[in-house]
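Biologist: Could you walk me through a few backbone details of this protein? I'd love to see where they sit.

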Amino acid sequence: MAHQAHSYHMVDPSPWPIFGAAAALLTTSGLIMWFHYSSTTLLTMGLLSMLLVMLQWWRDVVRESTFQGHHTPTVQKGLRYGMILFITSEAFFFLGFFWAFFHSSLAPTPELGGQWPPTGVKPLNPLEVPLLNTAILLASGVTVTWAHHSITEGNRKQAIHALTLTILLGFYFTALQAMEYHEASFSIADSVYGSTFFVATGL
């Protein structure tokens, strides 16, 4: 690679963006085939190809940052700003769904039966599974912070324990969420209540 007189990382041409786009197309086409024809072959191919592209692309990023030394302080600063902007956009994304929920609940329209929750919708008890899932999320935040501190202190054994616990809590949370979705008396098609509930909790 030629010498450069600046601290920015000029990325070499990579095949992964076009392969990632093809894998995404394969995955969405597979979802359509699964929904309409109950065939999971294309979906499986799409998910496997997406996983392969992610592994290869992240491998290249790790090589660029560690072995090749392309992640200079200037590049690291840009990556930090990018992550801050991503988190901010996610926060506003959630804000939009909460806004829709509160707007609909504070002024229910005649289409909703003039009441909240809408007519025919039996809401979940917030003091049961939702409260437990909130506690699990908070606990996973504690364990991942523990893992982060262990990594910064060079304590590999504690970091592995903390990350393992975080992953187990994540699986437990996902299982409880799936059970909650299965047992809910309403679906995503049941008015704005179902839409905002499933989208906000599913993201």
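**Backbone details and domains**

Biologist: Is Ser 38 buried or exposed?

Modeller: Happy to help! Buried means under 20% relative accessible area, exposed over 50%, and partly exposed in between, with a 1.4 Å probe and protein chains only. The relative accessible area of Ser 38 is 65%, so this residue is exposed.

Modeller: Before we go on, this is a predicted model: local features need pLDDT of at least 70, side-chain atom pairs count only at pLDDT 80 or more, and totals for chains, interfaces and linings use all residues. Residues are numbered from 1 along each chain as its sequence is written, and side-chain values use heavy atoms, leaving out hydrogens and water.

Biologist: Where is Ser 38 found?

Modeller: Ser 38 is not a glycine, yet its phi is positive, near 55°. Helices are DSSP runs (H or I, at least four residues), and strands are E runs of at least two, numbered from the N terminus. Ser 38 falls in the loop between α1 (16–37) and α2 (41–65).

Biologist: And Ser 191, which helix is it found in?

Modeller: Ser 191 also has a positive phi, about 60°, without being a glycine. With 28% relative accessibility, Ser 191 counts as partly exposed. Its helix spans residues 191–202 and is α6.

Biologist: What is the omega of the peptide bond from Trp 116 to Pro 117?

Modeller: Pro 117 sits in the loop between α3 (73–106) and α4 (129–152). The bond leading into Pro 117 from Trp 116 is cis, with omega near -5°.
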